[in-house]
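Biologist: Could you take one part of this model and walk me through it closely, strand by strand? I would also like to hear how the neighbouring features relate to that part.

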Amino acid sequence: MLKKTSKLPFKGTPEQEQKLKAVIEASKHDKSLLMSVMQQAQDIYGYLPVEVQTMIAEGMDVPLEKVYGVATFYAQFALCPKGEYNISVCLGTACYVKGSGDIFNKLSEKLGIGADECTEDGKFSLTACRCIGACGLAPVMTVNDEVYGRLTVDDVDDILKKYGK
C-alpha cells in the first residue's frame, strides 16, 4: 500500500478525469509510453496524487508500484499539490553555507508546512532545491518566478507579506 503524500484531500474534477482517460486510452497499447502519460496527467492535475497514479496503473495495466517508482525517481514529478505561491529555497552549497537552511526553517515555521507540502488554503507550498544558478546572490529563494537573493532570516516576514501572509 502506497502512503498518501499530501495532507490535502484530492479534488479532481470529472473533466480532468475524462482528459486523463483519453490520454490513457491513446497510449495503453504501449507500456513504454508510461512516462509520457504521467507527464500529461501532471499537466492535467498539476501533480500526481495516489488517486491519479492508480488510474494510470489500472488504465495502462502496469503495477501501481511501477507508477509510484517512476513518480518518485524523477524530480519533474510532484506528489503533492503546489500552492498559488510556490516557494523554493536553494539548499545548494553556496546558499546553505550562507544560511539558507535557517531561511527554510523559518518559512516552514511561519507557513506551518514542511518540505513538499502545501498550506491547507492552497496558497503556499514549500520546496527545497539544490541550485538555481544564482550562487553570487546566495542565499536565494524563489516565489514562483521571482528571485530573492542575499537573504537573511529577517527578510522572510516582509517577503511573505507581499503575498498576503
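Modeller: Gladly! Let me start with one pair of residues: Ser88 stands opposite Thr142 in S4. Please keep in mind that this is a predicted model. Ser88 falls within strand S1, which covers residues 85-90. The partner here, strand S4, spans residues 141-143, and the two strands run antiparallel, joined over three bridges.

Zooming out, S1 and S4 belong to an open sheet of five strands, whose order is S2-S3-S1-S4-S5. In that order S1 sits between S3 and S4. Although S1 and S4 are antiparallel, the pairing in the sheet is mixed. The edges are taken by strand S2 (117-118) and strand S5 (146-148). Each of these two has a single partner strand, so one of its sides has no neighbour in the sheet. As background, strands of a sheet pair through backbone hydrogen bonds, in either a parallel or an antiparallel sense.

Both ends of S1, residues 85 and 90, lead to side-chain features that deserve a look. At residue 85, Tyr85 joins Phe124 and Tyr163 in a cluster linked by ring pairs. The model has four aromatic pairs in total. One of them is formed by Phe73 and Tyr74, an edge-to-face arrangement with 4.9 Å from centre to centre and 85° between the planes. Phe73 is exposed, at 65% relative accessible area, while Tyr74 is partly exposed at 34%.

At the other end of S1 we find Cys90, which is buried, with a relative accessibility of 3%. The closest cysteine sulfur belongs to Cys95 and is 3.6 Å away; the two do not form a disulfide because that distance is too far for a bond, the cut-off being 2.5 Å. Cys135 is in no disulfide either, since its nearest cysteine sulfur, in Cys131, lies 4.0 Å away, again beyond the 2.5 Å limit. Unlike buried Cys90, Cys135 is partly exposed, at 41% relative accessibility. The disulfide count for the model is zero.

Finally, a word on a pocket, as a separate feature. The second largest pocket has a volume of about 220 Å³. Its lining is made up of 14 residues, and those nearest its centre are Leu8, Pro9, Lys11, Tyr47 and Pro81. Sorted by class, the lining holds seven nonpolar, three polar and four charged residues.

Methods: Residues are numbered from 1 along each chain as its sequence is written. This is a predicted model: local features need pLDDT of at least 70, side-chain atom pairs count only at pLDDT 80 or more; totals for chains, interfaces and linings use all residues. Side-chain values use heavy atoms; hydrogens and water are left out. On a 1 Å grid over the protein atoms alone, a cavity is a set of points where a 1.4 Å probe fits but cannot get out, and a pocket is an open set with protein on both sides within 12 Å along at least five of seven lines; lining residues have an atom within 4 Å of a point. Grid points are joined across faces, edges and corners, and a volume is the space filled by probe spheres set on the points. Ala, Val, Leu, Ile, Met, Phe, Trp, Tyr, Cys and Pro count as nonpolar, Asp, Glu, Lys and Arg as charged, and the others, Gly among them, as polar. Buried means under 20% relative accessible area, exposed over 50%, partly exposed in between (1.4 Å probe, protein chains only). Rings of Phe, Tyr and Trp (its six-membered ring) pair if their centres lie within 6.5 Å; planes under 30 degrees apart count as stacked, over 60 as edge-to-face and the rest as tilted. Two strands pair if DSSP finds at least two bridges between them. Helices (H or I, at least four residues) and strands (E, at least two) are DSSP runs, numbered from the N terminus.
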